[in-house]
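This report describes a single protein chain with a bound ligand and begins at the ligand. Please keep the sequence and the structure at hand while reading.

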Amino acid sequence: MSVTDPDPVPVYELRDVSKTYELGGGRVHAVREVTATIAAGDAVAVAGPSGSGKTTLLQLLGGLDRPTSGSVLFEGRDMSTMGDGDLGALRLRTFGFVFQQFNLIPTLTAAQNVEVALAPRGGRAADRRSAVLGLLDSVGLASRGDHLPSKLSGGEQQRVAIARALANEPHVLLADEPTGNLDSETGAEIIEVLLSLSAEGRRTVVVVTHDADVAARAHRIVRMHDGRIVPSDELAPATIGSHS
Amino acid sequence: MDAKNRELGAFTPGQVTEGRYFGSSDAREAIVNESYASREGLGRGDTVTLGGKTFTIVGIAQTPLGGQSSDVYVKLGQLQELADRTGRVNTVYVRAESADDVATVAAEIEQTVDGASVTTAEDLADRVSGTLVDAKNLAGKLGTALTIVGLLAAFLIASLLTLSSVTKRVREFGTLKALGWSQWRVVRQVSGESLAQGALGAVVGIALGVAGAALVGALAPSLEATVGGAVEDAGPRFIGPFGQGAVSASTTDVALEAPVGGRPRPRRCGSCSPGGFGGGRGRGPPSGTAATRGCPPAHRLKRGEKRERDRSRSGSRL
Ligand SMILES: Nc1ncnc2c1ncn2[C@@H]1O[C@H](COP(=O)(O)OP(=O)(O)OP(=O)(O)O)[C@@H](O)[C@H]1O
Ligand SMILES: [Mg+2]
């Protein structure tokens, strides 16, 4: 996908996507009739009050959940009709996830945590290990590979999580409040790492955030309210990447 | 006591801890039980009076257990005379040739001698602390039980660890799912870890069980079992409730207790053995004791005989 392409095929195309949860007789409309497109290489911030459906939307984009109605097309393929195996393969090779709680496996070292993302692909252990070292180096943690998550600061843990998310060179990076557990300075560093690495790999980034500073770094801010996207999409100043 | 038959009876010369065994003379001699002597402050050279006759204490003996111990022992003939029960005994000791024959001999005696109650050494052991055979079984069972408990504990711990790890790791599974791990891979990983954990638990459990069993074995002191002077190492050892006396489960001796006045007649090789006189508590009819020695297992006592026929052979004098 070329940046100069005047009408690029979107990475994501959402058509009337709704997600409802059945809860003890009642229904929760987490996402309501969302229609949107995300272009390749885009860096989108998703903002909105708590419970507005941001996480649910991200899970639909990442194939962790299927919409109740409507369809989510990823690179032209309808994810809502894909089987578990296909969705798993997409998650493994095409999507990278970063979480607010870092979600590192506490009993594994930083290097092993990164390797977990590579394990399903098989291959030689030595190759995996050198790949892991390169990834840790890219997030500035080359010397911390032997440390358990508990020995790392929050920012360092999130760097490990970013290295893990990028291990399979995904087309799409999906981050759910990646700075939510960090102080603002560390959060800014993390966003810097996340966006610059994504720009390098021409990745599409979707970041859920409450943080205005983080949102300001994205190309585009999508605001959600009560499960819907609030119309007035604003173009944020594009400070990262060449997309416009 | 039948002083002529020194090796079979309530005690043997070896059990005389102070002084000596009965002499061959007709002198009125008594040997007292150790605990009786210390209780009554008796020593060698002191006298005891039985039925108006004075007996000089010539020795102090360590007498065995099994309800067979008396306070004062005198020569059989003298006792029979004193009690006016000439020719009568209350206990006959029979020694089988082999431990295997004990049960047969006991059964035969019981059949042959009307009203006789036969107490084998094993029965005696029962009175002490259960037979050593049981002790051996107990030790074995304890070991098995410990092993089973260990295995169960290991299994339980492993299961609990697995369970708690599964519930604690829900988030982890979510992460793995997001990372593209297939359900199958996650299940394989978790069960692999659980198996490793279970194997480790089993190893630890078995080690603990074996160590526990060894500890029990090491802490349980030796019980040396003796009956009629025989001493045997009974293998697994347990503390008996009593200090000195102990009974061998594999002894070849059979003690025959007939009702008072019973007069079993050894057919081939009987002879009188030491008889007890219940000094402190022995208000019951005085008694003598006949014993057979070196009798073959098939040794029989004639049923219903009330009088000991071969008194001269017993050679016991009161
Ligand atoms: N698995 C679920 N089962 C039932 N209801 C759910 C589930 N997940 C989300 N919801 C509900 O859907 C709505 C949207 O939730 P979601 O987590 O997407 O909100 P959010 O915008 O991410 O909020 P926050 O900013 O607090 O993370 C909420 O009302 C929530 O309670
Ligand atoms: Mg959320």
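In this predicted model, 14 residues surround ligand 1, and those that come nearest are Ser50(A), Gly51(A), Lys54(A), Thr55(A) and Thr56(A). Oxygen atoms of the ligand take part in the polar contacts listed here.

| Residue | Atom of the residue | Distance to an oxygen atom of ligand 1 |
|---|---|---|
| Gly51(A) | backbone N or O | 2.8 Å |
| Gly53(A) | backbone N or O | 3.1 Å |
| Thr56(A) | polar side-chain atom | 2.6 Å |

Taken alone, ligand 1 exposes 630 Å², and the protein buries 64% of that area. The shell around the ligand draws at least two residues from each of β1, β2 and α1 of chain A, and α1(A) supplies the largest share, three residues.

The strands just named belong to an open sheet of chain A, in which four strands follow the order β2-β1-β4-β5 with antiparallel pairing. Because β2 (26-38) and β5 (77-78) of chain A stand at the edges with a single partner strand each, one side of each is left without a neighbour in the sheet. Within this sheet, β1 (residues 12-23) and β4 (residues 69-74) of chain A pair over five bridges in the antiparallel sense, and Leu14(A) stands opposite Val72(A) in β4(A). Helix α1 (residues 54-61) of chain A packs on the sheet, where it touches β1, β2 and β4 of chain A, and its direction makes about 120° with that of β1(A).

Turning to the whole chain, chain A has seven helices and eleven strands, and 50% of its 244 residues are buried. The accessible surface of chain A comes to about 11100 Å², of which carbon and sulfur atoms account for 49%.

Methods. Residues are numbered from 1 along each chain as its sequence is written. Chains are lettered from A and ligands numbered from 1 in the order in which they are written. This is a predicted model: local features need pLDDT of at least 70, side-chain atom pairs count only at pLDDT 80 or more; totals for chains, interfaces and linings use all residues. Side-chain values use heavy atoms; hydrogens and water are left out. Two strands pair if DSSP finds at least two bridges between them. Contact means heavy atoms within 4.5 Å. Axes are lines fitted to C-alpha atoms, for helices over the stretch in contact, and angles run from 0 to 180 degrees between N-to-C directions. Buried means under 20% relative accessible area, exposed over 50%, partly exposed in between (1.4 Å probe, protein chains only). Accessible areas come from the Shrake-Rupley method with a 1.4 Å probe; for residues, only the protein chains shown count as cover. A residue is near a molecule or strand if one of its heavy atoms lies within 4 Å of it. A polar contact is a pair of N or O atoms within 3.5 Å; within protein, one must be able to donate a hydrogen and the other to accept it, and residues adjacent in sequence count only if both atoms are side-chain atoms.
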